[in-house]
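Here is a set of exercises to work through with the model open in your viewer. Try each task before you read the solution under it.

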Amino acid sequence: MAIFPQTRAPLQPFSDAALPRTAVPTRLPSLRHIGPNWYASVMGTAIVASAGAALPVDVPGLRAACTLVWALSAVLLLAVLAARAGHWVHHRDQARAHLLDPAVAPFYGCLSMALMAVGGATLTVGVDVVGARAALAVDVVLFVAGTVIGLVAAVVVPYLMVVRHRPAPGTASPVWLLPLVAPMVSASQGALLVPHLGPGQGREALLLACYAMFGLSLLATLVVLPLVFSRLVHHGPLPLALTPTLFLVLGPLGQSTTAVNQLADVAPGAVAAPYASAFGAFAVLYGVPVMGFALLWLALAAAMVVRAARNGMGFAMTWWAFTFPVGTCVTGAAGLARHTGLDALTWLAVALYVFLVVAWAAAGTRTVGGVVSGALTAAPVPPRPATARTR
């Protein structure tokens, strides 16, 4: 079933975006129930390609496989964009309901990240197919569009949470991080474009703008993350279907590590020597501790998922949380391995990439099955009233 995380008890009448889907097959997929969370499948696919290309090891056939995955991510992006456009054209009432639903609105940050993930993969992997000039043009367009959308979402979604959503105390969700991590993706993807600008003010401005977006996202994450942990400690584990969203916390951690390492790579050609060397040192001094915390959270989130699986956790679109956040940890570990030369970080990146590929295959297979059967696109049904309170 496809489930949107809930942050509070839904108002009446029910917002059907947050309800479980029926398993009754339909003749054609219903665009009414294609929410912004579907962009997570695009992000999770594109990161498999870009993370594979970033690995500091030479694996025969890996580049070709990553190219195929990049092509798939591009097709998925076009398909989801078309479906979401149809959703807004034919089901505007539901689209507005999604935006005003505290369980769904944060997923609008996924649009930004999907655009930039495909754009970055095009420049790093798709270049083998479309050529350098076309790859650069595609990445520039998707980067600009994704950055603008991401910055708007980073303001609008928190604004709606304050003035319209008003989530109840103790209902903080890892999903709240989605619109806040989008500028961090811009920071890391912008680093790929810095060398393509001519020396001078433009190149330096882009580099420093990426650092500004890094700081924006990092400080916002530091505000929200304590709320999420407090919710877990004081109110217990998340509902079974929402447990995979704990992996979303890895997103800002891995992506920020990726960003500082990629920005350090291009800093020497953009800023003066004292600052360039400082950025290089900062990449290691920041990245190593943050990667350590990411591994701690990965262990905690994995333990919670194992617990949920033992208690009957089934498939939901939240499984895509196992992909993109882990992929950012792959690229972060790869960047640290590149700057430190430590074999341990190289093998960490490889181990995380193996996990990423397995998670992507599992989520992708179950998603395709759900679309074919109609379970993921059918109308939701109201949940049965609870007969007893369980922990």
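**Exercise 1.** Are phenylalanine 214 and tyrosine 286 buried or exposed, and how are their rings arranged?

*Solution.* Keep in mind that you're looking at a predicted model. Start with burial: phenylalanine 214 and tyrosine 286 are both buried. Next, take the ring geometry. The centres of the two rings, phenylalanine 214 and tyrosine 286, sit 5.4 Å apart and the planes make an angle of 80°, so this is an edge-to-face pair; the cut-off for that label is over 60 degrees. Finally, place the partners on the chain: phenylalanine 214 belongs to helix H7 and tyrosine 286 to helix H9, with their positions 72 residues apart, so to speak a link between distant parts of the chain.

**Exercise 2.** Classify the ring pair of tyrosine 211 and phenylalanine 279, and say which helices the pair links.

*Solution.* First, the total: there are 10 aromatic pairs by the rule used here. For tyrosine 211 and phenylalanine 279, the ring centres are 4.4 Å apart and the planes lie at 25°, so call the pair stacked. The limit for stacking is under 30 degrees. Then look at where the partners come from: tyrosine 211 is in helix H7 (residues 201-235) and phenylalanine 279 is in helix H9, 68 residues apart. Last, check the accessibility. Tyrosine 211 has 13% relative accessibility and counts as buried, and phenylalanine 279 is buried too, at 17%. Both calls follow because buried means under 20% relative accessible area.

While you're on aromatics, find one cluster as well: Phe247, Phe315, Trp319, Phe322 and Phe355 make it up.

**Exercise 3.** Describe the overall fold in terms of its elements, burial and contacts.

*Solution.* Count the elements first: 11 helices and 0 strands. Reading from the N terminus, you meet α elements one after another. Now burial: the protein has 391 residues, and 54% of them count as buried. For contacts, take those with a separation of 6 or more; 84% of them are between residues 24 or more positions apart. To finish, the accessible surface is about 16,900 Å², and carbon and sulfur atoms hold 71% of that.

**Exercise 4.** How many cavities of 30 Å³ or more does the structure hold, and what lines the largest cavity?

*Solution.* Searching the whole structure turns up 1 cavity of 30 Å³ or more. The space in the largest cavity is about 230 Å³. Its lining consists of 22 residues, and those nearest the centre are Ala40, Leu178, Leu248, Trp320 and Ala321. Two or more lining residues come from each of these elements: helix H1 (39-54), helix H4 (109-130), helix H6 (178-193), helix H8 (250-266) and helix H10 (324-340). Sort the lining by residue type and you get 17 nonpolar, 5 polar and no charged.

**Exercise 5.** Where does threonine 45 lie, and which residues does threonine 45 touch beyond four places away in sequence?

*Solution.* Threonine 45 is part of helix H1. With 1% relative accessibility, threonine 45 counts as buried. Leaving out residues up to four places away, its contacts are Val69, Leu72, Ser73, Leu76, Trp320 and Trp360.

**Exercise 6.** Compare the surroundings of three residues with some exposure: alanine 278, leucine 240 and arginine 166.

*Solution.* Go through them one at a time.

- Alanine 278 sits in helix H9 (residues 273-310). Its relative accessible area is 40%, so alanine 278 is partly exposed. The C-alpha atom of alanine 278 is 8.6 Å from that of alanine 264, 14 residues away along the chain.
- Leucine 240 is in the loop between H7 and H8, and it is partly exposed at 30% relative accessibility. Not counting residues up to four places away, leucine 240 touches Ala308, Asn311, Gly312 and Met313. The C-alpha atoms of leucine 240 and arginine 307 are 8.9 Å apart, with 67 residues separating the two along the chain.
- Arginine 166 is in the loop between helix H5 (132-165) and H6. At 57% relative accessible area, arginine 166 is exposed. Check the backbone too: phi of arginine 166 is near 50°, a positive value in a residue other than glycine.

Conventions. Residues are numbered from 1 along each chain as its sequence is written. This is a predicted model: local features need pLDDT of at least 70, side-chain atom pairs count only at pLDDT 80 or more; totals for chains, interfaces and linings use all residues. Side-chain values use heavy atoms; hydrogens and water are left out. Helices (H or I, at least four residues) and strands (E, at least two) are DSSP runs, numbered from the N terminus. Buried means under 20% relative accessible area, exposed over 50%, partly exposed in between (1.4 Å probe, protein chains only). Contact means heavy atoms within 4.5 Å. Accessible areas come from the Shrake-Rupley method with a 1.4 Å probe; for residues, only the protein chains shown count as cover. On a 1 Å grid over the protein atoms alone, a cavity is a set of points where a 1.4 Å probe fits but cannot get out, and a pocket is an open set with protein on both sides within 12 Å along at least five of seven lines; lining residues have an atom within 4 Å of a point. Grid points are joined across faces, edges and corners, and a volume is the space filled by probe spheres set on the points. Ala, Val, Leu, Ile, Met, Phe, Trp, Tyr, Cys and Pro count as nonpolar, Asp, Glu, Lys and Arg as charged, and the others, Gly among them, as polar. Rings of Phe, Tyr and Trp (its six-membered ring) pair if their centres lie within 6.5 Å; planes under 30 degrees apart count as stacked, over 60 as edge-to-face and the rest as tilted.
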